[in-house]
Amino acid sequence: MAWRSRLSYIGWRHLSIFSNPSPSNWTKVVSDAEKIVGYPTSFMSLRCLLSDELSNVAMHVRKLVGTKHPLLNTARGFVYDSRNNLQMRGLIVLLMSKAAGPCPSTSDPIHDSMVSGIYPSQRNLAEITELIHTAFLVHRGIVNLKEWTNSDGPLKDMQFGNKMAVLSGDFLLANACTGLAQLNDTKVVELISSAIGDVVQGIYHESSTSAEEGSLTVASWEDQTFLSHGALLAKSCQAAMKLARHGNESQNLAFQYGKHLALGHKLNSDLHTFVKSGSEPAVFSLDSAPVVFHRQIVGPERWRHQLKQVQNMARQIDYTKLRGLIKTERGVSQALDLCSYHGNKALEAMKCFPPSEARSALENMACAVTKF
Amino acid sequence: DLKDPFSLAQKDLQNLYEDIKKQLLVSKAELNALCDYYFDGKGKAFRPMIVILMARACNVHSNKEGALLPAQRSIAMISEMIHTASLVHDDVIDDSDTRRGKNTINKVWGERKAILAGDFILSAASMALARIGNTTVVSVLSQVIEDLVRGEFMQLGAKENENERFKHYLEKTFKKTASLIANSCKAVSILVNSDPEVHEIAYQYGRNVGIAFQLVDDILDFTSSANLLGKPSAADLKLGLATGPVLFACQQFPELHAMIMRRFSSDGDVDRAWQYVLKSDGVEQTNYLAQHYCQEAIGQISQLQQSTERDALIQLTELVLRRDK
């Protein structure tokens with residue numbers, strides 16, 4: 001029923017990956033980190049962006065201007081916004097590669113091919129990680145035509161936007177696959193392919209749950225969020241270690257860093273509107289950590305009651321009111337604790353690497369995710 | 001004495017779909033259902049059959065026994081998974097209602113989940129591919145994934161020049177259909193033989209049969225009725241696509257040029273174009289072309305040492321031409 005989808009998770013109508021401003025020190029942390037790896041990471045995937053296919057798509061996407069298809073937001077982000085940490089994952093993979101140092105065996109053929117402390121295969125992997133991440137940003141913007149209403153604009157615009165979103169996402173994924181093949185390491189191919197599967201599982205139920213249903217506990221929230229937000233980064237970090245022939249221990253540490261950093265980052269992002277709010281109106285997902293934790297604390301009965309309190313006659317939620325209600329309980333502080341926990345676990349993982357600029361940069365990132 | 005290709009491959013094909021489903025096992029029940037949706041054993045299994053027969057033919061040629069290597073069987077599964085993933089996405093792109101007599105995934109569960117299911121099948125195929133442990137084979141089949149997408153992109157644009165159009169059509173046909181078959185055949189040959197000439201034979205057979213297969217498919221879109229195919233006909237015209245029969249028919253009915261340029265978007269275009277094609281010798285010419293590609297395929301595969309499988313692959317070209325669905 002149409003009202004259900006409106007009640008639920010904010011869905012694609014409000015989809016924006018830029019809705020949360022980053023803490024000011026995060027931006028500085030990232031730009032310092034970029035210097036360490038040799039060039040601004042916003043140049044990654046540039047080769048891909050210059051292809052005929054994508055310029056074809058860009059031409060078509062222009063026709064979406066004036067429509068409400070989410071692809072427009074995603075595309076706009078590429079053109080105008082290089083400071084929004086779109087390339088964060090790739091940057092972390094590069095830093096991790098550098099922090100781990102050269103491959104252990106001096107007789108290995110790759111040993112002397114480092115540039116700025118990073119092997120070419122690791123740079124390629126960083127780019128592949130970004131390709132995959134972007135592909136899913138694009139595929140997540142696909143709209144279900146059955147949910148279309150007149151207020152979304154002409155149906156054919158949505159159909160067209162979908163077509164472009166499918167094709168560009170597929171193009172990015174295909175490039176990721178051929179890139180993976182060129183790494184000449186089938187274990188890495190397997191690992192990263194499994195990460196793609198993880199992301200799908202993680203985002204599959206996004207924007208399809210209704211407000212009252214949904215049985216996410218704190219533990220299942222973490223599992224789910226690992227799949228959707230952590231797996232790609234964790235496995236890419238691990239793969240970067242493998243490419244330089246580092247052993248299982250390094251691989252595992254890198255994995256742990258990626259996992260905990262990603263979870264911490266997601267928590268930080270979810271918490272923003274609850275912690276930094278002044279008087280701006282709130283927009284947040286009912287799947288975000290503070291809400292999920294709050295629901296678990298108050299139980300299903302009280303939650304239903306609270307929802308009724310913040311809905312108008314048309315059953316639309318006043319998110320600002322809801323935020324106020326949530327802040328009176330312990331969901332927010334629970335999420336804050338968890339955020340610190342993950343930030344610290346990420347820090348712990350880095351302690352085992354030798355001190356270096358790259359390691360410090362990664363540590364700074366781990367600290368930055370716990371700050372608001 | 002020639003054995004029917006389908007029967008010959010039967011034993012290896014048995015349980016193929018069950019094994020594919022094992023690769024797609026995932027805890028989210030609904031996602032699982034979507035991924036399994038087209039692996040119900042009702043498809044033709046045309047591609048896996050070719051791959052299996054080619055594998056055995058190469059094995060015999062290489063003086064190994066005809067039996068299939070597990071890795072080769074894997075390739076058969078992987079090729080079918082890649083093919084299915086692309087179909088699922090195509091149905092969203094084309095906004096299709098039905099496929100193989102069922103409602104499409106996008107119609108039942110929505111476009112978003114359909115795309116995600118396709119992505120998942122692709123990732124599972126990629127994992128299975130990696131597990132074979134051969135980097136050359138991984139490269140060869142990854143190329144297919146790229147070709148499939150590029151083929152789809154090629155369909156977005158229309159070419160001005162008539163001569164360019166046909167070339168464009170054949171190139172698109174290679175990318176969208178033949179590349180998968182060609183490269184799967186090549187992959188199974190790589191797994192058993194290091195001679196690049198053998199790889200080339202396998203590849204060329206697959207490429208030629210693949211193109212012929214698509215040409216016949218394009219003919220059937222005009223000539224068959226909706227019931228047999230499980231999907232509506234004149235579908236290509238309705239999507240704005242000019243295929244072999246139309247391109248040939250242009251020679252006799254220049255009115256078609258303008259319709260092609262505007263992708264049959266004006267009222268009555270689809271019907272009029274269909275009439276023109278059936279009045280012309282477009283279908284016949286496309287058929288000749290398909291026969292030519294089949295001859296090429298036969299010429300290639302005949303270079304392999306004789307075996308029941310090799311002969312079945314030769315007979316297969318006949319079946320491709322005689323298809324009525």
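Which side chains meet in a salt bridge at 2.7 Å, N to O? In this predicted model, the two partners are B:Arg56 and B:Glu309. The pair connects distant parts of the chain, with B:Arg56 placed in helix 4 (residues 46–61) of chain B and B:Glu309 in helix 17 (residues 308–322) of chain B, 253 residues apart. Both ends of this bridge, B:Arg56 and B:Glu309, are buried.

A search over all chains of the structure returns 28 salt bridges, and two examples within chain A likewise link distant parts of the chain. In one of these, the side chains of A:Lys242 and A:Asp185 meet at 3.1 Å, N to O; A:Lys242 belongs to helix 10 (residues 218–243) of chain A, whereas A:Asp185 lies in the loop between helix 8 (155–182) and helix 9 (186–203) of chain A, and 57 residues separate the two. A:Asp185 has a relative accessible area of 10% and is therefore buried, given that the limit for burial is under 20%, while A:Lys242, at 27% relative accessibility, counts as partly exposed. In the other, A:Arg302 and A:Glu329 form a salt bridge between their side chains at 2.9 Å, N to O. Here A:Arg302 is carried by helix 12 (residues 289–310) of chain A, and A:Glu329 by the loop between helix 13 (319–327) and helix 14 (331–351) of chain A, the two being 27 residues apart. A:Arg302 is partly exposed at 41% relative accessibility, and A:Glu329 is also partly exposed, with a relative accessible area of 23%.

Chain A contains 15 helices and 0 strands. Of its 372 residues, 57% are buried, and the area that chain A exposes amounts to about 15,900 Å², to which carbon and sulfur atoms contribute 53%. When contacts in chain A between residues at least 6 apart in sequence are considered, 79% of them join residues at least 24 apart.

Between the two chains, 39 residues of chain B are in contact with 43 residues of chain A. The area buried between chain B and chain A is about 3,800 Å², and carbon and sulfur atoms account for 67% of that area. The count of salt bridges between the chains is 1, and this bridge is formed by the side chains of A:Glu190 and B:Arg131 at 3.3 Å, N to O. Polar contacts between chain B and chain A number 13 residue pairs, with both residues at pLDDT 80 or more. On the side of chain B that touches chain A, at least two residues each are supplied by helix 3 (29–36), helix 5 (70–93), helix 6 (105–109), helix 7 (111–132) and helix 8 (135–154) of chain B. Helix 7 of chain B gives the largest share, 12 residues. By residue class, this side of chain B divides into 16 nonpolar, 11 polar and 12 charged residues.

Within chain B, B:Trp274 is located in helix 15 (residues 269–279) and, at 27% relative accessibility, counts as partly exposed. With residues up to four places away in sequence left out, B:Trp274 touches B:Phe222, B:Ala234 and B:Leu237, and the side chain of B:Trp274 reaches the backbone oxygen of B:Phe222 at 3.3 Å. B:Ala124, by contrast, is 150 residues from B:Trp274 in sequence and 40 Å from B:Trp274 in space, C-alpha to C-alpha.

Note on methods
Residues numbered from 1 in each chain as written. Chains lettered and ligands numbered in written order. Predicted model: local features only at pLDDT ≥ 70, side-chain atom pairs only at ≥ 80, totals over all residues. Heavy atoms only, no water. Contact = heavy atoms within 4.5 Å. Buried area = accessible area lost by both parts, 1.4 Å probe. Salt bridge = Lys/Arg side-chain N within 4 Å of Asp/Glu carboxyl O. Polar contact = N/O pair within 3.5 Å; in protein donor to acceptor, adjacent residues only side chain to side chain. Helix = DSSP H or I, 4+ residues; strand = E, 2+ residues; numbered from the N terminus. Nonpolar A, V, L, I, M, F, W, Y, C, P; charged D, E, K, R; others polar. Buried < 20%, exposed > 50% of the residue type's maximum accessible area, 1.4 Å probe, protein only. Areas by Shrake-Rupley, 256 points an atom, 1.4 Å probe, with all protein chains shown as cover.
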